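Q: I would like to go through this model term by term, asking what each label rests on. Please set the values against the definitions as we go.

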Amino acid sequence: MILALTLASAYPAAAVDLTVAAISASPPTVPLGSTVTVESTVAASGGGAVNGFYVHYYLSTDPTITTSDVVLGNRHLSAGLKDGESSTATLTFSPPTSISGTYYVGAIVDTTSQVSESDETNNALAGPVITITKPDLVVTAVSATPATVPLGSPLTVTDTVTCAGGKASNTIYVKYYLSSDPTITTSDVPLGNRYLSAGLKDGESSTATLAFSPPTSISGTYYVGAIVDATSQVSESDETNNALAGPVITITKPDLVVTALTATPTTVPLGSSLTVTDSVTVTGGKTLSSFYVRYYLSTDPVITASDISIGSRSIGAAMTPGQSNSATTTLSPSTSITGTYYVGAIVDSTYIDESDETNNAITGPVITITKPDLVVTALTATPTTVPLGSLTCPPTLDG
């Protein structure tokens, strides 16, 4: 017993030294939200590690790997390692989605200090450099129909957005605009939006077709465009390529025309009524308010608002492109006029903003307003023989 103690004191047990002997990682470029595969080998020398210990893996902005770096994950060797023994493992990790850029992949053995080692300064090893890329959202296609949109009618837009370089985990909005030039910005006329609540994975695309109603306050020629992630919910590698201009469309104003006008009778005794039947048609866009058809008598075939007004009718309901409205109206010309006149009508001289304001008038038939003609059609007198002084005349009133 004394001899055994003496030998132990003379030859103390060698302390173990744990090291990371090798580390590799792939792929060299890791899209955000994807995985990195790490292979590492740890070795024990100078003695056996009886206790179990951990190997932790890190991402570091420099080649010095410390526990302050970004943690990837770990593995546990529960049985420890014998002297001269090594352990190799291949593991897959998901880097945090909050980081991007270039990092060293590294490992530290026995990070929780479970093993008393002869050298505690050589437990870390830096491996290869990897690049974690942010997502890049791009609108790859925009189309729109029809090419001509009557005011108040719908516009159908189809778009495709694509994600590359990493996963976009946040909700993504795609917003649609009308622009007077091919540069689409959030200052252009908004049409509407759609959103992708689950985001997009790396390499994934999303296509949608939506119908929008352009504002009724605009008309003319516009580019239809889209901007992906217009609300900046996703941190991207390139924030300058989110917009795309699509085709040009034309939003047309309505055009009101009186297409027919009749009037009866052709001879109108002074103080009598005139019956007018007319038809109004709208093209090019929807009428957004009520308007009037006004009727006139003109001494020439050019009908203007300066001619003699004889009445009007109101069209209160909105009219859609291609729709017509016909009515018969009874009018009473002024008793101060007589003679021959053209009957005419003018539709909407004031209320509707039209594509053509020069074609609102129509000239109808010619009518004659006649003065009255008083005629003594019969005269009788009795008796035929009147004695002198027997004829009685009505008294004459002087003054």
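A: Helices (H or I, at least four residues) and strands (E, at least two) are DSSP runs, numbered from the N terminus. On that basis Asp348 lies in the loop between strand E23 (339–347) and strand E24 (361–370). The model is a predicted one, in which local features need pLDDT of at least 70 and side-chain atom pairs count only at pLDDT 80 or more, whereas totals for chains, interfaces and linings use all residues. Residues are numbered from 1 along each chain as its sequence is written, and side-chain values use heavy atoms, with hydrogens and water left out.

Q: Why is Asp348 called buried?
A: Buried means under 20% relative accessible area, exposed over 50%, and partly exposed in between, with a 1.4 Å probe and protein chains only. Asp348 has a relative accessible area of 2%, and therefore counts as buried. Its backbone also deserves a remark, since phi of Asp348 is positive, about 45 degrees, although the residue is not a glycine.

Q: What makes Thr350 exposed?
A: The relative accessible area of Thr350 is 56%, so this residue is classed as exposed. Thr350 is placed in the loop between E23 and E24. From C-alpha to C-alpha, Thr350 and Ser324 are 19 Å apart in space, with their positions 26 residues apart in sequence.

Q: Which class does Ser232 fall into, buried or exposed, and why?
A: Ser232 has a relative accessible area of 57% and is therefore exposed. The residue is found in the loop between strand E15 (220–228) and strand E16 (243–252), and its phi is near 55 degrees, a positive value in a residue other than glycine.

Q: Why is Pro27 given an intermediate label rather than buried or exposed?
A: The relative accessibility of Pro27 is 34%, so the residue counts as partly exposed. Pro27 lies in the loop between strand E1 (17–26) and strand E2 (29–31), and a cis peptide bond, with omega about -5 degrees, joins Ser26 to Pro27.

Q: What is Pro27 in contact with, once its neighbours within four places in sequence are left aside?
A: Contact means heavy atoms within 4.5 Å. With those neighbours left aside, Pro27 is in contact with Thr35 and Ile130. Pro27 and Ile99 are 72 residues apart in sequence, and their C-alpha atoms are 17 Å apart in space.

Q: Where else is a peptide bond to a proline cis?
A: The bond from Thr145 to Pro146 is cis, with omega near -5 degrees. Pro146 is found in the loop between strand E9 (136–145) and strand E10 (148–150).

Q: How do you know that Ser60 is buried?
A: Its relative accessible area is 1%, so Ser60 is classed as buried. Ser60 belongs to strand E4 (residues 53–60), and, leaving aside its neighbours within four places in sequence, it is in contact with Ile65, Asp69, Tyr103 and Tyr104.

Q: What does the side chain of Ser60 reach?
A: The side chain of Ser60 reaches the backbone oxygen of Asp62 at 2.6 Å.

Q: Why does Ala44 count as buried?
A: Ala44 has a relative accessible area of 3%, and so it is buried. Ala44 lies in strand E3 (residues 36–45). Apart from neighbours within four places in sequence, its contacts include Val16, Leu18, Leu81 and Gly84. By contrast with such contacts, Ala44 and Gly225 are 63 Å apart in space, C-alpha to C-alpha, and 181 residues apart in sequence.

Q: What is the make-up of the whole protein in helices and strands, and why is it called more spread out than a compact globule?
A: The protein has one helix and 24 strands. Its radius of gyration is 48 Å, well over the 21 Å that the globule rule gives for 399 residues, so the protein is more spread out than a compact globule. The radius is taken over C-alpha atoms, and the rule is 2.2 Å times the number of residues to the power 0.38. Along the principal axes, the C-alpha atoms fill a box of roughly 195 × 35 × 30 Å.

Q: How many of the residues count as buried, as a percentage?
A: Of the 399 residues of the protein, 37% count as buried.

How values were computed: A polar contact is a pair of N or O atoms within 3.5 Å; within protein, one must be able to donate a hydrogen and the other to accept it, and residues adjacent in sequence count only if both atoms are side-chain atoms.
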